[in-house]
Amino acid sequence: MEKQPTRSNETGVMERDCAESQSQHDRQPSPLRLAFDTATLRKIIFSVLLVLAYSTMQPIANAAEGLASAPTLTRPTSANKSPSADGFIQRWLILEPIRANGLTDHAVQALVKKEYFSNQFTVVPKDGDMVAFDGTEHIWHAVDTKEYNVNLYHFARALGKPTSNVLLWGVTIVNCPEEISGVRLAIGSNAASVWWVNGQEVIGIYGDRQTVIDDGVSKRLTLKKGPNIVRCAVLNGGGATDFCARFLDANDKPLKGFTVSAGEVAK
Amino acid sequence: MKFLTQTAAILALAVRSFALDGDVRIHDPSTIVRCDGKYYTYGTGGSCLVSDDGWTWRRGTTPPRRGMAPDVVHLNDRYFMYVARNVGAQPRADINLIWNKSLDPNSPDYRWEEAGVVASSDGIEDCNAIDPGLLLDPKDGRLWMVYGSYFGYIRLVELDPKAGGRKNPIDPPVNLAINCEASIMIAHDGWYYLLATHGSCCRGADSGYNIRMGRSKIITGPFLDHEGIDMMQGGGKLFTGSGGRVVGPGHFGRINLGDGVEKFSCHYEADLDRGGASVLDIRPLLWKDGWPLAGENLREGTYQIASVRTGTVLELAVEGVPVGGRRERRGGGPGAGGPGFARPGGGGPGAGGPPRGAGFFGGTGGVIPSQDVGQVSTNWPDGNIDLRMANFLCQAQQKWRITAVTNAGGYPGSPYFKITIDGADRALAATADGELIAVPAFTGAPEQLWRIDQLTDGAWRIMPKSAGSSKEPLALSAVGSSFATLSKFDAKSDKQRWLIKTP
């Protein structure tokens, strides 16, 4: 079966509504149309224009409102955050979605290796930083998730951004009190994603897939004492999109004892 | 743990895969025991087989007391051997105990000591005191011996676990079964199981030997089969019979290798591939619905290797190609034209348009052949390729050929295997840091040799012979849904349990 969006696809609804409207319109007996006088027609046209204007402004209103309308995401209110009880990393910097299309191994690798902004594999952005690509500005947002996963659909939708055929970059800083060896990054994503730890590509999972805890798992790696940069690129085809990430210790148990930060958060 | 029905289906179709290697001629073998890293078993007439790895066997040293159908148990610092002899016309016989601190003739401790008769039959009573079988009760450490043959009853006596002799010689033996011989008892999950051989022996390929069993919560019985029939009335659920190229299994012996791996030894009255000789075999011992089940050692073949934990299968980390090529979904609809639906030039076999009016879901209208690895592997990297796991889609990078490697040694019951992509040379290998890789071609290196043991629930444990610097054995492990690694085997986890299924 086909992948279903989390919520109704706006375009689809509109198309369906228009079709139904057109059908009803076609069934209107012509005498009724003749009954409209000029004033009524003006009122109707004005109302339609109002609706259209509101519809056009809606994404802008959402964008202005920011992430407040994202039901699972909040703005960070502390400098550091511990992982969840199950070890999930719940604080991220997410870049607003970039249009991208492709989920196969080769397509994903090509899409994530394309340069969208300067130092995209090394930069540790700050909340509110902006990058420009293809004539469009994209802003980094620091987010905390209330769940084990980061709901990118909520993220993009709250900002009035597209959710389908998009690429979203994420970065987080994992602060370790000491060096920890033999750990693995374990992630799940909807859909394909590629992951880096301290600049090294450690996971790639491909195809149209749903988020499964510990779906993609890295080989054993070492987290250094101090900050470690975890970076991801998630590609979505259509519908819902999210990811989850945690570290597993040498016994495949959730790693804890570290904190996560997203740099300075804009007021 | 829940028994794996898929494996049962495979077992039902399976025949024996491999006989043991080397000189395995023996009749009435004792339970296999380990001494200083070597495996030993003793048979009728003083025959002895010894093996360094449980796969390749050779002739060992005959003990001083040659008799019939001995059994051996290792207790504390001693190996107790119970061996029967006729002392007149059957059923007049007795079972003698000899013991040794080592089974290795090169050991300074190697010296057999006589310890006397522990059971006997006078030729009149309804018993023939031969075919001893030992059980050290894991519950309380008490030592028991069953014995007997078709002359009357299978009987039970208690022995002294320190000296090996009868604990209470004046106590009468307890009768447990009739119409069988070569009996032995095992304990599992609060039950005692009496396994005994029915049918006739010593007739080569005409021997009707088969191993049957009953169980009881109390060691003195009654032992009932799965139909509730008492073994004292001839009951007995079949454990294993003839099959494939071997006839007449008998003389069950349990081998507990630990970590959830159990095996059993037996002899076949006739191995048709060895001129009808009576030979030793070792096979997996499974448990299902509270009963032992005779497993089969892995056969060579082409398989998918699926994780019990995740249901995903091991594959090369290469971009798969849909079997039959990518087909374009016409006429719109959900996902039409999306990723993965582009039609490559010419498409693949059967990639033509669907039957008129049938639409995408009507298929191609023809048979789509299996994927040719030679065609789809042209874009695979030349060097090493990572491993990963994915849903099984019948694709070439997901089909593994498992082949025995000759002269590479083995483990109890099986040789080492190589695991390669079916139709290609790409070979599964362990890396020095305990991860997995597919090397371009099999070289015979120990990290490319795989030990594949069937676990008691029917799943399989897959272990490299060597994994670099790792000091402990590692097993293939599904640490994630899409990623496999090597890690220490945990019998309580599904991570290292695999289904080896026909693709």
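**Two domains, two chains: asking why**

Author: In this predicted model, 19 residues of domain 1 of chain B are in contact with 24 residues of domain 2 of chain B. On the domain 1 side, the elements that give two or more residues to this contact are β26 (410-411), β27 (414-415) and β31 (450-454) of chain B. By class, that side of domain 1 divides into 8 nonpolar, 7 polar and 4 charged residues.

Reader: Which residues make up domain 1 and domain 2 of chain B?

Author: The domain assignment gives 1-17 + 298-321 + 380-503 for domain 1 and 20-294 for domain 2. Their centres, taken over C-alpha atoms, are separated by 34 Å.

Reader: Let's stay with β31(B) for a moment. What makes β31(B) mostly covered?

Author: The count settles that: 5 of the 5 residues of β31(B) are buried. A residue earns that word when 20 or more other C-beta atoms lie within 10 Å of its own. B:W450, B:I452 and B:Q454 point one way from the strand, while B:R451 and B:D453 point the other way, and all are buried. There is a general rule behind such a pattern: in a regular strand the side chains alternate between the two faces of the sheet.

Reader: How do you know that β31(B) and β32 of chain B pair?

Author: Pairing calls for at least two bridges between the strands. Here β31(B) and β32 (residues 460-464) of chain B share 5 bridges, in the antiparallel sense, so the pair qualifies. Opposite B:D453 stands B:R461 of β32(B). The hairpin of these two strands has 5 residues between them, and in that hairpin B:G458 takes a positive phi near 100 degrees.

Reader: Now over to domain 2, please. Why is B:L159 called buried?

Author: Happy to go there! B:L159 has 26 other C-beta atoms within 10 Å, and the cut-off is 20 or more, so B:L159 counts as buried. This residue is found in strand β12 of chain B. Setting aside residues up to four places away in sequence, B:L159 touches B:V118, B:L143, B:W144, B:M145, B:G164, B:G165, B:R166 and B:K167. B:V118, one of these, is 41 residues away in sequence, yet 8.2 Å away in space from C-alpha to C-alpha.

Reader: And B:D160: why is B:D160 counted as partly exposed?

Author: B:D160 has 14 C-beta neighbours inside 10 Å. Exposed would need 12 or fewer and buried 20 or more, so B:D160 falls in between and counts as partly exposed. B:D160 lies in the loop between β12 (153-159) and β13 (174-178) of chain B. Leaving aside neighbours within four places in sequence, B:D160 is in contact with B:L143, B:G165 and B:K167. B:L143 is 17 residues away along the chain, with 6.4 Å between the two C-alpha atoms.

Reader: What makes β10 and β13 of chain B edge strands?

Author: Each of them pairs on one side only. The open sheet has 4 strands in the order β10-β11-β12-β13 (chain B), with antiparallel pairing. From one strand to the next, the twist averages 25 degrees. Inside this sheet, 5 bridges join β11 (residues 143-147) of chain B to β12(B), and B:M145 has B:V157 as its bridge partner in β12(B).

Reader: Which residues have the most contacts inside the largest nonpolar core?

Author: They are A:F155, A:L185, A:L235, B:A484 and B:W498, in a core of 112 residues. The largest share of this core, 7 residues, comes from strand β7 (residues 166-176) of chain A. Another core, of 76 residues, lies apart from it and has B:V33, B:W57, B:L143 and B:M145 among its members.

Reader: Which residues is A:L235 in contact with?

Author: Beyond its neighbours within four places in sequence, A:L235 is in contact with residues including A:A100, A:L103, A:V108, A:L111 and A:L167.

Reader: How many residues does the contact take from chain A and from chain B?

Author: Chain A gives 20 residues and chain B gives 13 residues. The elements of chain A that give two or more residues to its side are α4 (105-113), β8 (180-190) and β11 (216-217), and α4(A) gives the largest share, 3 residues. By class, the chain A side has 6 nonpolar, 5 polar and 9 charged residues.

Reader: And how many helices and strands are there in chain A?

Author: Chain A has 5 helices and 15 strands, and buried residues make up 39% of its 267 residues.

Definitions and conventions:
Residues are numbered from 1 along each chain as its sequence is written. Chains are lettered from A and ligands numbered from 1 in the order in which they are written. This is a predicted model: local features need pLDDT of at least 70, side-chain atom pairs count only at pLDDT 80 or more; totals for chains, interfaces and linings use all residues. Two residues are in contact if their C-beta atoms, placed from the backbone, lie within 7 Å. Ala, Val, Leu, Ile, Met, Phe, Trp, Tyr, Cys and Pro count as nonpolar, Asp, Glu, Lys and Arg as charged, and the others, Gly among them, as polar. Domain bounds come from an automatic or database domain assignment. Axes are lines fitted to C-alpha atoms, for helices over the stretch in contact, and angles run from 0 to 180 degrees between N-to-C directions. A nonpolar core is a set of buried Ala, Val, Leu, Ile, Met, Phe, Trp, Tyr and Cys residues joined through C-beta atoms within 7 Å.
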